[in-house]
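Please load the model in your viewer and keep the selection tool at hand. The tour proceeds by selection, with a short account of what is found at each stop.

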There are 2 protein chains.
Amino acid sequence: MEQPRKGPRRGRTPAATGRTSRPRQAEVARLAGVSQATVSLVLSAKAKAQGSAISDETRQRVLDAARSLGYVPDPAAQRLAAARNNLLGVYSFTATFPTDVEHSYYPFLVGVEREAAARGYDLVLFTGSSSGGAKAAGPEALNRVRLADGCLFLGRHVPIAELKRMVADGFPVVHLGRREELEGLSWVGADYVSASSEVVRHLAALGHRRIVLVREDDDAPASTDRQQGFLEGLEAAGLPGGSEAVFRCADPGREVTPERLRSWIAEGVTAFVAEETDTGGAWRALRTAVDEAGLSCPDDLSLALLGSPPSDLAGDPQPTGFDVPRHQLGAAAVRMLAALVAGEAAEEPLVACAFRAGATTGGPPGPR
Amino acid sequence: MEQPRKGPRRGRTPAATGRTSRPRQAEVARLAGVSQATVSLVLSAKAKAQGSAISDETRQRVLDAARSLGYVPDPAAQRLAAARNNLLGVYSFTATFPTDVEHSYYPFLVGVEREAAARGYDLVLFTGSSSGGAKAAGPEALNRVRLADGCLFLGRHVPIAELKRMVADGFPVVHLGRREELEGLSWVGADYVSASSEVVRHLAALGHRRIVLVREDDDAPASTDRQQGFLEGLEAAGLPGGSEAVFRCADPGREVTPERLRSWIAEGVTAFVAEETDTGGAWRALRTAVDEAGLSCPDDLSLALLGSPPSDLAGDPQPTGFDVPRHQLGAAAVRMLAALVAGEAAEEPLVACAFRAGATTGGPPGPR
DNA sequence: CCAGCTTGCTAATGCGTATAAGTAATGCGC
DNA sequence: GCGCATTACTTATACGCATTAGCAAGCTGG
């Protein structure tokens, strides 16, 4: 009794049709001689407790049928049916695989992938408005991520309004990097404050009494945090802080020149700390100035870097400082996102950085 | 006449529930005083031609209503209804984000992402080892990729049987790298043959008459292609080919030693060409042997590399050879995959490599 | 004046899945 | 042997949207 459909609309877009349509639960069901619902029960219970009311024999038949057909659930349908599809989105506002700053997101993604795999999630890379070509990269482009169970957002220039909306809608969202201005937005970030503070304390323990932070003219949270940690470190060591301990580079005349370096040293400064940025500008400027001033690094003064050195300076002696544990950051982000998806409480958002002893610090030069 | 649902099942999983249910097309419709179908027509026709049979007045009412409610379409529902999900899979048999061989797939992925974004596709990353939900890393893990509209496969050690099955099922699959042994498998690859041939012709034009190819003991298509191009280049230049023009390194005794190098030179060989591999073994061996033999590169002999130098040798003088346009390869792979998904004819699978002049070649040394 | 077209919309249906509700069939205690 | 719980399923329905058949009204033309 094949009831002939009254209005079948097979043959959608000519393009979309082409394919032998991957197997559906209905086909698995037919092959196994059960109903579609049974297939759904068996397959979704697979991971969960075995408590479902399906006999082992039937279960096995269904599983065999599914395997032999190569059945894979349709994520959109799963999602629509209001379950979850074990997909986590990753959305970056720059290209996810940046051309120039290779090292910036990559290690992070390594951690993301690893942790996601360990938790049984697959990743969907939502290609942001990244490079040209994308259609009207309007705000609705962001909504694609709702296909996944939750989404990780990378990049600084995030459209807050859109994110806010998602958060308000209860869509699980985690941002990489501290983001406290948006109430309710979950984020994970490196604990730059503690790490920077620790570097300062290290210098203080070596005997340095006047330390200067060289930073760039950028007010990203990552910069602010480092400065805060730097100042906290000074305070903890009982050293003078204040605005003169922080030097902020700016284009016109505020650069780190050999002259300025000498004048600092003349004032009794014996150690310098540079913030890390994408370009490594502050660190480069310091190193160059030291070289040009004819000074030698661990002997005449100590240098520390609040982060990892740029990869093209890999040949240089390893700077004292700390490493941002990007793998762990990625993993932490996934853990937090998974927690949100599961409706559990979020965990600690700060990930500790690892202190790196390095070879650019030593005791202050003898009094001369 | 609000017909009361018999079995509403609001209140799914406690976790999944928590969303303030953003507006649906039905609500927009109610507000605009039209049917849901009209809303769908208006909204989906927005981008397309205005040829839809909806009056401008109604259209405007719907658009206003949608805006005032802040309507955004549910991507899951859209995709379910449209029978495609705009997802392309990327399956690599090593980790997608390998820790060590960063540079091998990375540039390729850059191109993949860019092109995918341009075409409105998102990417799903599958990894051979991890393979989301299914812990069983068995061959059925491969089936997970069917979640996407099509899939890109990277890596040498691809289980042919499984791929064959997918291809036979009509699932769109593109392999990165030439793969002609599998009938019907689409692939994109770099045109190593032409590029290698061009390098040889370059050497011949410089006056070299005896050239030797140093390759590793690996029969990957990429190696074979280079050798073929090398031999074709010799032939095109009217130079002697044959087996003695190709040196195949092997572990036990067949290595490129300074002695062997000298003996080649004594026989009249003036130029050497190394194949590029993951490790850059052949090239390293050549360079080392040249150094140890006390020879100087562009003067005493010419060297060329059939590919790009390993990144850790970035400081060395740039070798003559060619660059594999990995970005373009990735883009080409996506284009081909998109074509398959759309049921169109596939395009040219070979991507041309760019000749790189470099500094390691010159004329043959004067007769001595 | 009505067949036949066009215009502008609605009703109905399906996409693939999850799940609540329903139905036999069996087991168990008394 | 009856009520009731349990097991093992199946049936029905909904998720939100796209699509298409269909309907009503307004035209046209002969």
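The stops below pass from strands to a helix, then to loops, salt bridges and a surface patch.

**Conventions**

This is a predicted model, in which local features need pLDDT of at least 70 and side-chain atom pairs count only at pLDDT 80 or more, while totals for chains, interfaces and linings use all residues. Residues are numbered from 1 along each chain as its sequence is written, chains are lettered from A and ligands numbered from 1 in the order in which they are written, and side-chain values use heavy atoms, with hydrogens and water left out.

**Stop 1: strand 1 of chain B**

Select residues 87-92 of chain B, which form strand 1. Helices (H or I, at least four residues) and strands (E, at least two) are DSSP runs, numbered from the N terminus. Six of the six residues of this strand are buried, so strand 1 is largely enclosed by the rest of the structure. Here buried means under 20% relative accessible area, exposed over 50%, and partly exposed in between (1.4 Å probe, protein chains only).

In a regular strand the side chains alternate between the two faces of the sheet. Colour B:Leu87, B:Gly89 and B:Tyr91 for one side of strand 1, and B:Leu88, B:Val90 and B:Ser92 for the other; both faces are covered.

Now add residues 150-154 of chain B, which are strand 3; strands 1 and 3 of chain B pair in the parallel sense over five bridges. Two strands pair if DSSP finds at least two bridges between them. To find the register, locate B:Leu88, which stands opposite B:Gly150 in strand 3 of chain B.

**Stop 2: strand 8 of chain B**

Select residues 271-275 of chain B for strand 8, which is largely enclosed by the rest of the structure because five of its five residues are buried. B:Ala271, B:Val273 and B:Glu275 are on one side, with B:Phe272 and B:Ala274 on the other.

Which strands run parallel to strand 8 of chain B? One is strand 6 (residues 211-215) of chain B, joined to strand 8 by four bridges, with B:Val212 opposite B:Phe272. Another is strand 9 (residues 302-306) of chain B, joined to strand 8 by five bridges, with B:Ala271 opposite B:Ser302.

**Stop 3: B:Val62**

Move to helix 4 (residues 56-69) of chain B and select B:Val62. B:Val62 is buried, with a relative accessible area of 0%. Draw a distance from its C-alpha atom to that of B:Ala32: the separation is 5.4 Å, although the residues are 30 apart along the chain.

**Stop 4: Asn86 in each chain**

Select A:Asn86, in the loop between helix 5 (75-80) and strand 1 (87-92) of chain A. A:Asn86 is not a glycine, yet has a positive phi of about 60°. Its relative accessibility is 33%, so A:Asn86 counts as partly exposed.

Next select B:Asn86, in the loop between helix 5 (75-82) and strand 1 of chain B. B:Asn86, likewise not a glycine, has a positive phi of about 55°, and at 24% relative accessibility B:Asn86 counts as partly exposed.

**Stop 5: salt bridges**

Side chains of opposite charge can pair when their charged atoms come close. A salt bridge is a side-chain nitrogen of Lys or Arg within 4 Å of a carboxyl oxygen of Asp or Glu, and by this rule the count comes to 36 over all chains.

- Select A:Arg215 and A:Asp219, which meet in a salt bridge (3.7 Å, N to O). A:Arg215 is buried at 3% relative accessibility, whereas A:Asp219 is exposed at 56%.
- Select B:Arg356 and B:Asp323, whose side chains meet at 3.1 Å, N to O, in a salt bridge. B:Arg356 lies in strand 12 (residues 354-356) of chain B and B:Asp323 in strand 10 (residues 320-323) of chain B, so the pair ties together parts that are 33 residues apart in sequence. B:Arg356 is buried, at 6%, and B:Asp323 is partly exposed, at 29%.
- Select A:Glu115, A:Arg119, A:Arg335 and A:Glu347, which are linked in a network of salt bridges.

**Stop 6: a surface patch on chain A**

Finally, select A:Glu259, A:Asp291, A:Glu292 and A:Asp316, which gather in a patch of negative charge on the surface. Patches are made of residues with over 30% relative accessible area and no salt bridge, with like charges joined within 9 Å and nonpolar side chains (Val, Leu, Ile, Met, Phe, Trp, Tyr) within 5 Å. A:Asp291 is found in helix 11 (residues 281-292) of chain A and counts as exposed, at 52% relative accessibility.

Notes. Accessible areas come from the Shrake-Rupley method with a 1.4 Å probe; for residues, only the protein chains shown count as cover. Lys and Arg count as positive and Asp and Glu as negative; His and the chain ends are not counted. The place of a charge is taken as NZ of Lys, CZ of Arg, CG of Asp or CD of Glu.
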